[in-house]
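Take a walk through this structure, starting at one loop and working outward. Keep the model open as you read.

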Amino acid sequence: MTALTPHSARQFILDNTALMAPPHVPEILLHLADEAHDLWQRTEDELVEIGLPPPFWAFAWAGGQGLARYILDNPDTVRGKRVLDFASGSGLVGIAAARVGAAEVTAADIDPFCATAIRLNGEANGVGIDFLGTDCIGTDAGWDVILAGDVFYDKSFADRLMPWFATLKARGGEILVGDPGRSYLPRSGLEPLAVYEVAVTRALEDSLVKRTTVWRFA
């Protein structure tokens with residue numbers, strides 16, 4: 001079996017996903033895996049064998065869907081602004097921002113396969129998005145708006161994020177988070193902007209619908 005590399009991932013993604021609209025964001029098409037695709041059935045050991053990290057980019061997570069919905073419904077949030085889609089995955093949130101007129105969108109994710117997935121997804125929606133493949137926590141490229149979906153799933157990761165978000169907020173950055181009740185969402189310092197009932201897949205989550213809130217760091 002030939003090991004995948006980020007550079008050879010294009011055909012793999014096309015073969016193992018289908019172009020479809022996430023349930024809560026029908027305006028956007030993404031290359032996603034569903035029950036019909038082998039990628040859905042593969043075990044973690046099989047993914048490691050072919051050289052593929054867990055393919056989070058192949059699914060539209062609840063927090064990202066909620067955040068993308070909010071951006072599409074409230075375009076002034078990002079219009080004309082420099083946007084960072086942090087922990088981007090499929091690029092869904094960044095694509096939403098580009099669709100409604102963000103001046104510049106950077107999708108950041110440490111999974112190098114996201115570069116190919118996001119490029120394909122951007123092409124499917126007629127938008128161009130820059131990709132940053134390094135760990136950008138603690139850095140500041142002057143983004144006006146930082147968008148982050150589903151990032152509070154791990155305590156050590158959340159502990160790194162909070163001081164960074166606080167620093168960005170203090171210098172005037174707007175930080176919006178989409179979260180369906182992940183365990184390590186901060187309990188204070190957040191202002192709710194919208195609540196959505198987002199359809200998800202039981203194989204990924206513990207229910208078929210996740211109550212998802214878009215928060216602003218206050």
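**From one loop to the whole chain**

A87 sits in the loop that runs between β3 and α5. The model is predicted. The backbone at A87 deserves a look. Its phi is near 55°, a positive value in a residue other than glycine. Most residues other than glycine have a negative phi. A87 counts as partly exposed, because its relative accessibility is 29% and the partly exposed class runs from 20% to 50%.

A second residue shows a positive phi. D150 is not a glycine, yet its phi is about 60°. D150 belongs to the loop between β6 (145–149) and α7. Its relative accessibility is 11%, so D150 counts as buried, the cut-off being under 20%.

Both loop residues lead to the largest pocket. A87 and D150 are among the residues that lie nearest its centre, along with F56, D109 and Y153. In total, 35 residues line this pocket. The space inside comes to about 770 Å³. Three elements, β3 (82–86), α5 (92–99) and α7 (155–170), each supply at least two residues of the lining. What classes of residue make up that lining? It has 20 nonpolar, 7 polar and 8 charged residues.

Now turn to the aromatic rings. The count comes to 8 aromatic pairs. In one of them, F86 and F157 have ring centres 6.1 Å apart and planes at 15°, so the pair is stacked. Planes under 30 degrees apart earn that label. This pair links distant parts of the chain: F86 is in strand β3, F157 is in helix α7, and 71 residues separate them. Both F86 and F157 are buried.

Another pair has a steeper angle between its planes, at 75°. Here the rings are those of F165 and F217, with centres 5.3 Å apart, and the pair is edge-to-face because its planes are over 60 degrees apart. F165 lies in helix α7 and F217 in strand β9 (residues 209–217), so this pair ties together parts that are 52 residues apart in sequence. Both rings belong to buried residues. F165 has 0% relative accessibility and therefore counts as buried. F217, at 7%, also counts as buried.

These four residues belong to a wider group. Ring pairs join F86, W143, Y153, F157, W164, F165 and F217 into a cluster. Y153 also appears among the residues nearest the centre of the largest pocket.

Next, look at A60. A60 lies in the loop between α3 (44–50) and α4 (62–73). Is this loop residue buried or exposed? A60 is buried, because its relative accessible area is 16% and the limit is 20%. Leaving aside residues up to four places away in sequence, A60 touches P22, L30, L32, Q65 and L92. S188 is another matter: A60 and S188 are 27 Å apart in space, C-alpha to C-alpha, and 128 residues apart in sequence.

Finally, step back to the whole chain. It holds 7 helices and 9 strands. Its radius of gyration is 16 Å, close to the 17 Å that the globule rule gives for 218 residues, so the chain is as compact as a globular protein of that length. The C-alpha trace spans about 50 × 35 × 35 Å along its principal axes. Of the 218 residues, 52% are buried. Take the contacts between residues at least 6 apart in sequence: 67% of them join residues at least 24 apart.

Key. Residues numbered from 1 in each chain as written. Predicted model: local features only at pLDDT ≥ 70, side-chain atom pairs only at ≥ 80, totals over all residues. Heavy atoms only, no water. 1 Å grid on protein atoms, 1.4 Å probe; cavity = no way out; pocket = protein on both sides within 12 Å on 5 of 7 lines; lining within 4 Å. Points joined across faces, edges and corners; volume = space filled by probe spheres on them. Helix = DSSP H or I, 4+ residues; strand = E, 2+ residues; numbered from the N terminus. Nonpolar A, V, L, I, M, F, W, Y, C, P; charged D, E, K, R; others polar. Phe/Tyr/Trp six-rings, centres within 6.5 Å; stacked < 30°, edge-to-face > 60°. Buried < 20%, exposed > 50% of the residue type's maximum accessible area, 1.4 Å probe, protein only. Contact = heavy atoms within 4.5 Å. Rg over C-alpha atoms; globule rule 2.2 N^0.38 Å.
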